[in-house]
Structure formats: C-alpha cells, structure tokens
Amino acid sequence: MIVWTGAPACVADVSDSSIALVTGLDTNGHRWQAWLNLDNAAALLVEEPEDVDDVSVWMATPEFEEAIGHQRAELDAQVPADAEGALMWASAAGVQAAAQRPRVEELLRAQETFVEELFDALLDELGFPETVHSAPQP
C-alpha cells in the first residue's frame with residue numbers, strides 16, 4: 001500500500017472487536033506497532049505450558065491469571081515506545097496534530113468493549129481528520 005500510494009499507512013488488525021494490533025508504516029520504511037485493549041491482548045499472547053493437555057482447564061487456574069499479569073506488564077512497559085512511534089508516524093504522515101504523548105499512552109492503555117472505538121480515538125488524537133463522505137453522484 002505504501003508503494004502504491006506513496007504515503008504513510010496505518011492499519012488495525014481487529015479480532016472479534018475485542019483486540020487489535022495497530023501497525024503504522026511510513027515511506028522511509030519505519031514501522032510502529034501497538035496492541036489495543038491490553039488485557040485482552042495479554043490473554044491472547046500468554047504462552048501455554050508444554051505439559052498442558054486441556055487449555056480450558058489451564059485457563060481456570062491461578063497460574064494462568066499470573067501469566068496474564070506478567071504478559072500485561074510486558075505490554076504496558078512497551079506503551080511509551082509505542083506512543084512515541086505513533087507520534088513520529090503521524091508527523092511523517094504530515095498531519096498537523098497537537099497530539100500529546102500522555103493522551104496517546106492513555107488510549108493505548110484504555111479498555112473498550114469495541115476496540116474499533118479505541119482505534120478511532122487514537123487516529124483522532126493523532127490529528128487525522130474525520131472521513132468526509134461525498135454525496136452520491138446522479
């Protein structure tokens with residue numbers, strides 16, 4: 001898409017409206033990624049132990065909850081770098097934004113029922129204008 005348009009691009013790979021992996025790429029090949037809905041992402045990314053025969057049983061254990069907590073902490077530690085990457089990407093995209101890093105970090109840490117709402121809020125914060133729909137031509 002970058003080669004075709006000659007412009008930076010940002011996409012969100014959304015899973016069941018509960019989690020998204022946002023990826024931005026600029027024309028210089030710099031890329032940033034961030035997970036949205038970190039609690040859900042942590043549960044998805046937790047690796048199951050090799051000795052687990054039934055994942056559903058393991059998911060009901062305190063060990064699973066502890067693993068989610070560790071994974072969530074790892075994702076949270078990445079938020080400042082993810083926010084910086086998003087801001088740099090928005091700058092490369094040429095938007096005139098007054099985006100504030102703390103607000104971007106807040107959005108990256110937020111939890112919403114529908115992750116699409118977080119993605120929209122992130123794009124708004126980064127300064128992208130709302131889509132303008134033109135009237136259909138007769």
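Ser18 is partly exposed, with a relative accessible area of 24% (buried means under 20%, exposed over 50%, partly exposed in between, with a 1.4 Å probe and protein chains only). This is a predicted model: local features need pLDDT of at least 70, side-chain atom pairs count only at pLDDT 80 or more, and totals for chains, interfaces and linings use all residues. Residues are numbered from 1 along each chain as its sequence is written, and side-chain values use heavy atoms, with hydrogens and water left out.

Ser18 sits in the loop between strand 1 (9-15) and strand 2 (19-25). Strands (E, at least two residues) and helices (H or I, at least four) are DSSP runs, numbered from the N terminus. Beyond its neighbours within four places in sequence, Ser18 is in contact with Leu36, Asn37, Asn40, Thr113 and Val115. Contact means heavy atoms within 4.5 Å.

Now the sheet. It is open, with 3 strands in the order 1-2-3 and antiparallel pairing. Two strands pair if DSSP finds at least two bridges between them. Strand 1 and strand 3 (31-36) stand at the edges with a single partner strand each, so one side of each has no neighbour in the sheet. Strand 1 is joined to strand 2 by 7 bridges. Ala12 stands opposite Val22 in strand 2. Helix 2 (residues 38-45) packs on the sheet and touches strand 2 and strand 3; its direction makes about 100° with that of strand 3. Such angles run from 0 to 180 degrees between N-to-C directions, and axes are lines fitted to C-alpha atoms, for helices over the stretch in contact.
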